[in-house]
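The following exercises are to be worked with the sequence and the coordinates at hand. Each task is followed by a solution in steps.

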Amino acid sequence: MITEELIFATLGEKGFEQLTKAFYRRVREDELIGPMYPDQDWAGAEERLREFLLFRFGAVTRYLEKRGHPRLRARHMPFRIGIAERDRWVLLMGEATEEVVADAGVRDALMEFFAQVADFLRNTPEEGE
Ligand code: HEM
């Protein structure tokens, strides 16, 4: 089984840094979700996601010290997140993990986590839902 410890041991801080960099390089260019992010603070957005992941997988507490409890649902409420936005976020993160994470098992485990959280963050019902 691929545990959080194994994921963190495989990527290390360096791997999570490369992953968030590869992800935001794509988000910045994306016409659907790119405009949601603060144009003046891409470095900050990248740092928040990176430190959240280091906290989640490596129990590194920098995120908590700076931002407190993640409260991800509340923090995503200002943004319209439906199926299209969720799928785009996951697609771009999938490309970033392909680029950065060599081990396919670790990649799959990470993507399962991302897909679950992304779905949990949906806050805009679709037509007929
Ligand atoms: C479902 C599609 C998603 C969209 C459209 C989205 C969009 C955003 C936006 C626009 C921000 C504000 C950027 C900033 O920090 O200034 C943000 C913040 C953040 N997002 Fe997402 N996000 C999504 C999914 C996720 C997922 C799946 C995760 C984690 C696995 C995540 C983790 C975070 C974190 C940690 C922050 C910073 C929270 C804070 O401390 O303020 N997001 N997101």
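**Exercise 1. The shell around the ligand**

How do the residues of the shell around the ligand divide into nonpolar, polar and charged?

Solution. The model is a predicted one.
- Step 1. The ligand is surrounded by 24 residues. Met36, Arg48, Phe52, Trp89 and Ala118 are the closest.
- Step 2. Two or more residues of the shell come from each of helix 2, helix 4 (72–76), helix 5 (83–100) and helix 6 (104–120).
- Step 3. Helix 2 gives the largest share of the shell, 5 residues.
- Step 4. By class, the shell holds 16 nonpolar, 2 polar and 6 charged residues.

**Exercise 2. The geometry and packing of helix 2**

Determine the span of helix 2, then locate its buried residues and the elements against which they pack.

Solution.
- Step 1. Helix 2 runs over residues 42–58 and has 17 residues, so at 1.5 Å a residue it should span 24 Å. The C-alpha atoms at its ends are 23 Å apart, which agrees with that expectation.
- Step 2. Arg50, Glu51, Leu53, Leu54 and Phe57 are the buried residues of helix 2. Because they cover an arc of only 160° around the axis, they are on the same side of helix 2.
- Step 3. A general rule accounts for such spacing: an α-helix has 3.6 residues a turn, so residues three or four places apart point the same way.
- Step 4. The packing partners of the buried residues of helix 2 are helix 1 (4–29) and helix 3 (62–67).

**Exercise 3. The buried side of helix 5**

Which residues of helix 5 are buried, and what covers them?

Solution.
- Step 1. The 18 residues of helix 5 reach 26 Å from the first C-alpha to the last, close to the 26 Å expected at 1.5 Å a residue.
- Step 2. The buried residues of helix 5 are Glu85, Trp89, Leu92, Met93, Ala96, Thr97 and Val100. Their arc around the axis is only 140°, and therefore they lie on the same side of helix 5.
- Step 3. Helix 1 and helix 6 are included in what covers these buried residues.

**Exercise 4. The largest nonpolar core**

Which residues have the most contacts inside the largest nonpolar core?

Solution.
- Step 1. The largest nonpolar core has 20 residues, and Phe23, Leu92 and Ala96 have the most contacts inside it.
- Step 2. Helix 1, helix 2 and helix 5 are the elements that give two or more residues to this core. The largest share, 8 residues, comes from helix 1.
- Step 3. Setting aside residues up to four places away in sequence, Phe23 touches Leu92, Met93 and Ala96.
- Step 4. As a general background, nonpolar side chains tend to be buried together in soluble globular proteins.

**Exercise 5. Positive phi outside glycine**

Where do Ala59 and Arg71 lie, and are they buried or exposed?

Solution.
- Step 1. Ala59 lies in the loop between helix 2 and helix 3, just after helix 2. Although Ala59 is not a glycine, it has a positive phi of about 55°.
- Step 2. Ala59 has 11 other C-beta atoms within 10 Å, and 12 or fewer is the criterion, so Ala59 is exposed.
- Step 3. Arg71 is in the loop between helix 3 and helix 4. Arg71 is not a glycine either, yet it has a positive phi of about 40°.
- Step 4. Arg71 counts as exposed because it has 10 C-beta neighbours inside 10 Å.

**Exercise 6. Gly82 and the segment after helix 6**

Which residues does Gly82 touch, not counting residues up to four places away in sequence?

Solution.
- Step 1. The loop between helix 4 and helix 5 contains Gly82. Gly82 is partly exposed, because 14 other C-beta atoms lie within 10 Å.
- Step 2. Beyond residues up to four places away in sequence, Gly82 touches Arg122, Thr124 and Glu126. Gly82 and Arg122 are 40 residues apart along the chain, and their C-alpha atoms are separated by 5.5 Å.
- Step 3. Thr124 belongs to the segment after helix 6. With 13 other C-beta atoms within 10 Å, Thr124 is partly exposed.
- Step 4. Apart from its neighbours within four places in sequence, Thr124 is in contact with Arg80, Ile81 and Gly82. The C-alpha atoms of Thr124 and Met77 are separated by 9.3 Å, with the two residues 47 residues apart along the chain.

Methods. Residues numbered from 1 in each chain as written. Predicted model: local features only at pLDDT ≥ 70, side-chain atom pairs only at ≥ 80, totals over all residues. Helix = DSSP H or I, 4+ residues; strand = E, 2+ residues; numbered from the N terminus. Expected span 1.5 Å × (residues − 1). Arc of directions from axis to C-beta. Contact = placed C-beta atoms within 7 Å. Near = placed C-beta within 6 Å. Nonpolar A, V, L, I, M, F, W, Y, C, P; charged D, E, K, R; others polar. Core = buried A, V, L, I, M, F, W, Y, C linked by C-beta atoms within 7 Å.
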